[in-house]
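Welcome! Take a look at the model below, then work through the exercises one step at a time.

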Amino acid sequence: MTEFLLLGTVEVRDADGTAVDAGPAKQRAVLVALLVDAGRWVATETLIDRVWGHELPAQVRPSLYAYIARIRRMLAATAAPLGAGGTTGSVAEPQLRRGTGGYLLDVPADRVDLHRFRRLVEQARAVDHTDAARVLLLREALEMWRGEPLAELSGAWVRRVRQRWAQERIETVLAWAEAEIRVGSHAAVINELTALVDEHPLVEPLTVALLRALQAAGRNPEALARYAALRKRLAEELGTDPNAEAQQLHQAILRGESAPSAATGTRPPAVTRTERVVPAQLPLRARGFTGRTEELARLDGILPTAVERPAAVVVSAVSGTAGVGKTALAVHWAHRTADRFPDGQLYVNLRGFDPSQAAVAPDQAVRSFLDALGVPAQQVPADVQTQVSLYRSMLAGRRVLVVLDNARDADQVRPLLPGSAGCLAVVTSRSQLAGLVATEGAHPLVLDLLSPAEARDLLAQRLGEDRVANEPDAAQEIITRCAGLPLALTIVTARAATHPGFPLGAVAAELRDSHGSLDAFTGGDLTTDVRAVFSWSYRALSAPAARLFRLLGLHAGPDIRTAAAAALAGMPLRETSGLLVELTRAHLLTEHLPGRYTRHDLLRVYGAERALAEETPAERDRAVERVLTWYLHTADAAYPFFTPYRRRVPLGPLPASCHPLAFSTYDQALEWCEEEHANLVAAVHQAVAVGRPGTAWRLAGALWGFFYLRGYLHGWLDTTQAALVAARDAHDRRGEAWSLSDVACALTQNHRYDEAIDHFRLSMARCRELGDEHGRCQSLVNLGYIYRRMGRPEKSVEYCRRALAVFRVLGDDFRKGNVLANLGDSYQQLGRFDEAIGVLEQALPVLRAEGDRWCEAVALDFLGTAHRRLGHHDEAIECYRQAFDHHEEIGNRLGQAHALDNLGQVHLATGRPDRARESWQEALAIFREFDRVDAERTRERLRHLDAERCQ
């Protein structure tokens, strides 16, 4: 198994212990930036900040991607050779994964010396350890240090990390020395402490520990000399005396008395717990950030209240006009102080003043924060207030920085504020947020325009001091024309920087000539100068890039990937990719994740305006139709991987201009849906808004399996209800029938059973009008499922029988197998076990013939339960084992847990409690990921089993 060593020079060792070439310094820095958070996602922006800091190369992302690719090749080369039978060993090799959260280096923590060191230190803190055991653990931990950590690397982040680790080592040495002295091994620590005191002469606890060891060894003269040296150095360099503990120990040595008890305790310091998810969501800081010295100092001034003297939640409210740099200031300061919040940084753009998109609702933001904190989707409560309570509970006892960007008002912010001391929230808004100041005691910070000196510094930073100094009048005119607004200055300097041969006088003249040529934005947030700058940057684009810029203003989602942009523009993928690069270089677009692009909300509005002015209504409609069709057909391509047994949404022929993605595996389909989640929801609503109800209900229907399996119940209900309204308004009976069923399914999973029943019945009526017997029978089956969930199996039997009769007439064996399985479980719940077994045994061959492994596994589980309740233990065990195998084959983790839970009950009934405990423990581990009710039930079974064992 590959090992990674950071506590010294950075080394990688393969399964045989042989050192592996970890590449040049920057590649090793990328590796270290991933390893410090091994097993956790690290945002791309965080990696860039850790490795390059302020010294960003022009092509920083391509450089990062190249190092990532080399690290992957290195990991593959160090993988353990295949064992007998062609399988790898029981311990998985490291994998470097990419996802929407950035990158994750999946490696067991004990294979990284830093994390192994921390684990041993944490173990030594356990109250049940003797001093002798504690000595062994701490000695093993300290032996991992091979010198200065990350010795050959440089950079601001490395220096901060090295300092923190050095402090951890010192505190661990103190705990080890304390334990050694208590067991009488004082001589063992003197040399180590002497070296550390010489290295850190002003760290008093080290000298105190050395004094104790010297006194215990009978070397009082040396101890007194060490104390005198400490006192002299403190007086000369700090103007202070030794602390009270050192003075008391000194007096005891002079009097020949025993040393007073140590004040430091017997346990090493707490370290970061690896099981906690530490989010790092801050966006990449603005390149060339300058000025704002006073504002940064004011933000620094509130840090002691939040970090050093935590007494209450601290909130800073940063307000100011649009484009004034609120986000840039907040993100820059957040990066600068991130190390003061070791439990992570959360960030959300609340879109409070976004003219083209709805503001982010508090429950959406809380849900994204719970995801970042590692709460599985299946465990997020449906009730918004309960979500907020869970979010605040997750932050309790932690030190987390929360950045709430672009807030609409205080009401949007309040649910997102932490509820306990030690955390700090920074809120930015165009509103003054007076309510937060008055009620929550927020520290207000009003951000004004840049001063002339700060604006000139920004020009010099971006264009070079010589260029600005050579044309001072032109530089001043640019500053005046941009009104000191950072957004305007940034766009102008980007244009000038890409044409270094242009005199600044020409740049100023273009601004002068275009001034007032565009209407002012309403509301006073924007000036004609800013819009003139937008138009000028836009005109500098090539004609194809300008067209793509316009069309991107028609896209409803928060970001867009290259393939979707190609569909929007109706262009080949390669050509679109080149145009996106051009827009990115012009600072009209940002590649915030590899292959995914976003932009400032003002630029998005400007793009939509240009589309309205320069594209015909027909071309705008065609562009929106193209991208919505692309989302629909790609979602349909993913659909069979989630619910292969369910009828697919009826689509028309694939348009010749549409090139949707194709998927070959479940993981590929799931990754795409996760990445596009927000865009897909936005696409459904956009389809409704532009009068394409057919696309709206079909896309919502194609997302059925994804929403169901991932537990996105709120988005599921939201999209299906919007699609239903659109279908009804358009008098689309087919869409209404389909959407009624989808809304009912979403209501069912939200435990709103009565409403779900009403919708299913309406769906049946519409299907009857349309002659859609399959759709009507599907509603019958779902009604049977709901009544079983409601504890009314007799009603479930009634609906299952009705559905079965219709499916038999239709000759639909596939659906008949599914209904038989549901009917068998209803009989089992009624205690009619013989009938249940007969029906389930009819269902299995039908399901096998159709290849429906999912429903076959469920039917086997039902059959096992019927046999178990009849006392047919051997038959029950065989059914449960087959069910488990089928669930494992298709990746149904929750199904595996149910099979294991049931298997444990059989083992207990047959007098094998140890086997029962083993099955329930495995089931519990899975249930924790999905369903708290099932988890508690299994946990109670384990408690009862343990109680019986103790009697």
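**Exercise 1: Enclosed spaces**

Find how many cavities of 30 Å³ or more there are, and describe the largest cavity.

Solution. Keep in mind that this is a predicted model. Step one is the count, which comes to four cavities of 30 Å³ or more. Step two is the volume: the largest cavity holds about 90 Å³ of space. Step three is the lining, made up of Leu552, His555, Gly557, Pro558, Asp559, Ile560, Leu589, Tyr597, Thr598, Arg599 and Arg604. Step four sorts these lining residues by class, giving five nonpolar, three polar and three charged.

**Exercise 2: The second largest cavity**

Work out which residues lie closest to the centre of the second largest cavity, and which strands help to line it.

Solution. Start with the volume of the second largest cavity, about 60 Å³. Ten residues line this cavity, and the closest to its centre are Arg98, Gly99, Leu593, Pro594 and Glu675. Next, look at the strands: strand 5 (95-99) and strand 6 (102-106) each supply at least two lining residues. Finally, sort the lining by class to find three nonpolar, four polar and three charged residues.

**Exercise 3: The protein as a whole**

Describe the helices and strands of the protein, its buried share and its exposed area.

Solution. First come the helices and strands: the protein has 43 helices and 14 strands. Then take burial, where a residue counts as buried at under 20% relative accessible area. Of the 951 residues in the protein, 52% are buried. For the surface, the protein exposes about 40400 Å², and 51% of that comes from carbon and sulfur atoms. Last, consider contacts with a separation of 6 or more: 67% of them join residues 24 or more positions apart.

**Exercise 4: Nonpolar cores**

Locate the largest nonpolar core and find which helix gives the most to it.

Solution. Begin with the core itself, which has 126 residues. Those with the most contacts inside it are Leu541, Leu552, Leu583, Trp630, Tyr631, Trp672 and Leu699. The helix that gives the most to this core is helix 27 (residues 617-642), with eleven residues. Now zoom in on Leu583: leaving out residues up to four places away in sequence, Leu583 touches Leu541, Ala545, Leu548, Phe549, Leu552, Leu588 and Leu589. Two of these names may be familiar from Exercise 1, for Leu552 and Leu589 also line the largest cavity. To finish, note another core of 75 residues that lies apart from the largest one, with Val12, Val36, Leu56 and Leu193 among its members.

Terms used: Residues are numbered from 1 along each chain as its sequence is written. This is a predicted model: local features need pLDDT of at least 70, side-chain atom pairs count only at pLDDT 80 or more; totals for chains, interfaces and linings use all residues. Side-chain values use heavy atoms; hydrogens and water are left out. On a 1 Å grid over the protein atoms alone, a cavity is a set of points where a 1.4 Å probe fits but cannot get out, and a pocket is an open set with protein on both sides within 12 Å along at least five of seven lines; lining residues have an atom within 4 Å of a point. Grid points are joined across faces, edges and corners, and a volume is the space filled by probe spheres set on the points. Ala, Val, Leu, Ile, Met, Phe, Trp, Tyr, Cys and Pro count as nonpolar, Asp, Glu, Lys and Arg as charged, and the others, Gly among them, as polar. Helices (H or I, at least four residues) and strands (E, at least two) are DSSP runs, numbered from the N terminus. Buried means under 20% relative accessible area, exposed over 50%, partly exposed in between (1.4 Å probe, protein chains only). Contact means heavy atoms within 4.5 Å. Accessible areas come from the Shrake-Rupley method with a 1.4 Å probe; for residues, only the protein chains shown count as cover. A nonpolar core is a set of buried Ala, Val, Leu, Ile, Met, Phe, Trp, Tyr and Cys residues joined through side-chain atoms within 4.5 Å.
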